[in-house]
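I opened this entry to keep track of what I looked up. My notes follow the order in which I checked things.

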Amino acid sequence: MKSLKTKVLEWIDFLLNQYSINNKQKALMDCPLYFKLEGFADEPVVYIKPTHEGLEFGFEGTKWIDGHTPSPYMYKKHTLIWDHVDDLSKEEQQQAILNILMKTINSRKRQYRKCQFCSEKVATEHRIDQNTCHSCASEHLGVVY
Ligand SMILES: [Zn+2]
């Protein structure tokens with residue numbers, strides 16, 4: 001099986017060649033490109049989004065509106081500004097993007113914990129505490145939402 005790093009590198013190659021994400025003039029602005037963490041928990045996604053400032057990196061999570069209604073939310077983690085992108089060779093760009101993406105992936109992964117009841121890995125926004133997911137909190141602890 002391919003390592004995560006290898007898959008991420010292949011994705012970066014694809015984005016550089018097909019979407020010219022390293023080129024401010026050619027890249028599609030404000031159009032996020034997603035990478036899914038296949039095989040990990042509920043397979044969360046991280047993204048790269050070319051903006052007028054540079055390349056924005058982050059992950060998609062859930063935000064609770066009024067404490068009840070789930071809504072997808074893009075959590076921005078890092079921006080690689082165009083001036084910096086332009087200073088790098090293509091290989092250096094690849095390496096810089098890889099490093100930031102791996103950091104973004106790892107920070108999202110760290111938000112996941114195993115639920116004490118169902119043993120699923122659950123993201124922070126779907127748990128009531130470190131060890132209990134929302135559905136198990138209802139089922140086992142009688143928490144009402
Ligand atoms: Zn659970």
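How many bridges join strand β3 to β4, and do they run parallel or antiparallel? I counted on the assignment here: 12 bridges join β3 (residues 54-65) to β4, and the two strands run antiparallel. I note that this is a predicted model.

**Sheet**

I picked one pair out of that ladder. E56 has T79 in β4 as its bridge partner.

Next I looked up the whole sheet. It is open, has four strands and follows the order β1-β2-β3-β4, with antiparallel pairing. Which strands stand at the edges? I found β1 (33-36) and β4 (69-81) there. Each has a single partner strand, so one side of each is left without a neighbour in the sheet. I also took down the twist: neighbouring strands are turned by 30° against each other on average, direction ignored.

**Helices on the sheet**

I then turned to what packs on the strands. Helix α1 (residues 4-19) packs on the sheet and touches β1 and β2 (45-50). The direction of α1 makes about 160° with that of β1.

Helix α3 (residues 90-109) lies across β1, β2, β3 and β4. I noted its angle to β3 as about 15°.

I followed one residue of this helix, S107. Is S107 buried or exposed? With a relative accessible area of 15%, S107 is buried. Leaving out residues up to four places away in sequence, I found that S107 touches F59 and K77. F59 falls within the range of β3, residues 54-65, and K77 within that of β4, 69-81.

**Zinc site**

Last, I went to the metal. Which residues are the protein donors of the zinc ion? They are C115, C118, C133 and C136, each through SG, lying 2.3 Å from the ion. The angles among the four donor atoms are 103 to 117°, and the site is tetrahedral. Along the chain I read the donor spacing as C-x2-C-x14-C-x2-C.

I placed two of these donors in the fold. C118 lies in the loop between β5 (112-114) and β6 (121-123), while C133 is in strand β8 (residues 132-133). The pair therefore ties together parts that are 15 residues apart in sequence.

I checked the accessibility of both. C118 counts as partly exposed, at 32% relative accessibility. C133 counts as buried, at 5%. The cut-off I used for buried is under 20% relative accessible area.

Definitions and conventions: Residues numbered from 1 in each chain as written. Predicted model: local features only at pLDDT ≥ 70, side-chain atom pairs only at ≥ 80, totals over all residues. Heavy atoms only, no water. Donors = N, O, S within 2.8 Å, 3.2 Å for Na, K, Ca; no water. Tetrahedral: all angles 85-135°; square planar, octahedral: opposite > 155°, others 65-115°. Buried < 20%, exposed > 50% of the residue type's maximum accessible area, 1.4 Å probe, protein only. Pairing = 2+ DSSP bridges. Axes fitted to C-alpha atoms, helices over the stretch in contact; angles between N-to-C directions. Contact = heavy atoms within 4.5 Å.
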